[in-house]
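Colleague: I would like to go through this model with you and ask, for each label you attach to it, what the label rests on. Could you put the structure up before we begin?

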Amino acid sequence: MDNKVVTTIGRALRDNGIPTLRFNFRGVGASAGTFDRGIGETADADAAASWGTRRWPGRTLVVAGFSFGGYIAWRLALKRAARCLITVAPAIQLMEGSPSAPPCPWFIVQGDSDDVVDPAAVSGWVNAVIPKPRLVLLPGVGHFFHGRLQELRDAVSDAVRSG
């Protein structure tokens, strides 16, 4: 799991004292299995969170994800108690049904120049969610945060400290 955005999120969490676990979804990289439209991937994330609970007993869960992983993180936070949810350029188009917020603080980091996840769709979705997640919209930032990873790291660190 070497995506620079995911690695940056992990480093920001670790630098704030939160143990991290990164993994590829089924069928990605060397992972076994095939794409399951979010259902199996959410089960995989739940299994990883269960492993983390055993590995780090007494710690509260912080769920974070990027793009499709943001969608999976959101699904996981809806079904599992978490200290907070952090989604970066979440695949908002996959968040089916009426807007739902998990029962924890939720932070969304989104570039306003993203050509993969429509920033206007994210803003519109955020405005329909109750309670409203905190949206950090970074000007001039694209989907992969080229040249702007420090701003992403700062936003994630701020989310952890305030959530």
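Colleague: What makes a side chain positive or negative in your count, and how many of each are there?

Modeller: This is a predicted model, and in it I count 18 positive and 14 negative side chains. Lys and Arg are taken as positive and Asp and Glu as negative, while His and the chain ends are left out. The centres of the two sets lie 8 Å apart.

Colleague: Why is the protein called as compact as a globular protein of that length?

Modeller: The protein has five helices and four strands, and in sequence order these follow the pattern α-α-β-α-β-β-α-β-α. Its radius of gyration is 15 Å, close to the 15 Å that the globule rule gives for 163 residues, and therefore the protein is as compact as a globular protein of that length. The C-alpha trace spans about 40 × 35 × 35 Å along the principal axes. Among contacts between residues at least 6 apart in sequence, 57% join residues at least 24 apart.

Colleague: What share of the residues is buried, and how much of the accessible surface belongs to carbon and sulfur atoms?

Modeller: Buried residues make up 44% of the 163 residues. The accessible surface comes to about 8000 Å², with 53% of that area belonging to carbon and sulfur atoms.

Colleague: What makes a set of residues a nonpolar core, and which residues of the largest one touch the most other members?

Modeller: The members must be buried residues of the nonpolar kinds, joined through side-chain atoms within 4.5 Å. The largest such core has 24 residues, of which Tyr71, Trp74, Leu85, Met95, Trp106 and Trp125 touch the most other members. Two or more residues come from each of α2 (39–55), α3 (68–79), β3 (106–111) and α4 (119–128), and the largest share, seven residues, comes from α3. There is also a second, separate core of 23 residues, which includes Ala12, Leu13, Val62 and Val109. In soluble globular proteins, nonpolar side chains tend to be buried together.

Colleague: Which residues are in contact with Leu85, once its neighbours within four places in sequence are set aside?

Modeller: Leu85 is in contact with Val63, Ala73, Trp74, Ala77, Pro102, Cys104, Pro105, Trp106 and Phe107.

Colleague: Why is Gln110 called buried?

Modeller: The relative accessibility of Gln110 is 0%, and buried means under 20%, so Gln110 counts as buried. Gln110 is found in strand β3. Apart from neighbours within four places in sequence, its contacts are Ala89, Pro90, Val117, Pro119, Val122, Leu135, Val136, Leu137 and Leu138.

Colleague: What is the phi of Ala89, which you have just listed, and where is Ala89 found?

Modeller: Phi of Ala89 is near 45°, a positive value in a residue other than glycine. Ala89 is found in the loop between β2 (84–88) and β3, and at 0% relative accessibility it counts as buried. Phe145 also has a positive phi, near 55°, and is likewise a residue other than glycine. Phe145 is found in the loop between β4 and α5 and is buried, with a relative accessible area of 0%.

Colleague: What do you find in that loop at Val141, and which residues does Val141 touch?

Modeller: Val141 is placed in the loop between β4 (134–138) and α5 (149–162), and it is buried, with a relative accessible area of 0%. Not counting residues up to four places away in sequence, Val141 touches Gly111, Asp112, Ser113, Asp114 and Arg148. Val141 and Asn127 are 14 residues apart in sequence and 21 Å apart in space, C-alpha to C-alpha.

Colleague: Why is Arg161 called exposed, and Ala128 partly exposed?

Modeller: Exposed means over 50%, and Arg161 is at 60% relative accessibility, so Arg161 counts as exposed. Ala128 has a relative accessible area of 41%, a value that falls between the 20% and 50% cut-offs, and therefore it is partly exposed. Arg161 is found in helix α5 and lies 9.9 Å from Leu13, C-alpha to C-alpha, although the two are 148 residues apart in sequence. Ala128 is found in helix α4; Ala128 and Ser98 are 30 residues apart in sequence and 8.5 Å apart in space, C-alpha to C-alpha.

Colleague: Which peptide bond is cis?

Modeller: The bond from Ile130 to Pro131 is cis, with omega near -5°, and Pro131 is placed in the loop between α4 and β4.

Definitions and conventions
Residues numbered from 1 in each chain as written. Predicted model: local features only at pLDDT ≥ 70, side-chain atom pairs only at ≥ 80, totals over all residues. Heavy atoms only, no water. Buried < 20%, exposed > 50% of the residue type's maximum accessible area, 1.4 Å probe, protein only. Contact = heavy atoms within 4.5 Å. Rg over C-alpha atoms; globule rule 2.2 N^0.38 Å. Areas by Shrake-Rupley, 256 points an atom, 1.4 Å probe, with all protein chains shown as cover. Charge placed at Lys NZ, Arg CZ, Asp CG, Glu CD.
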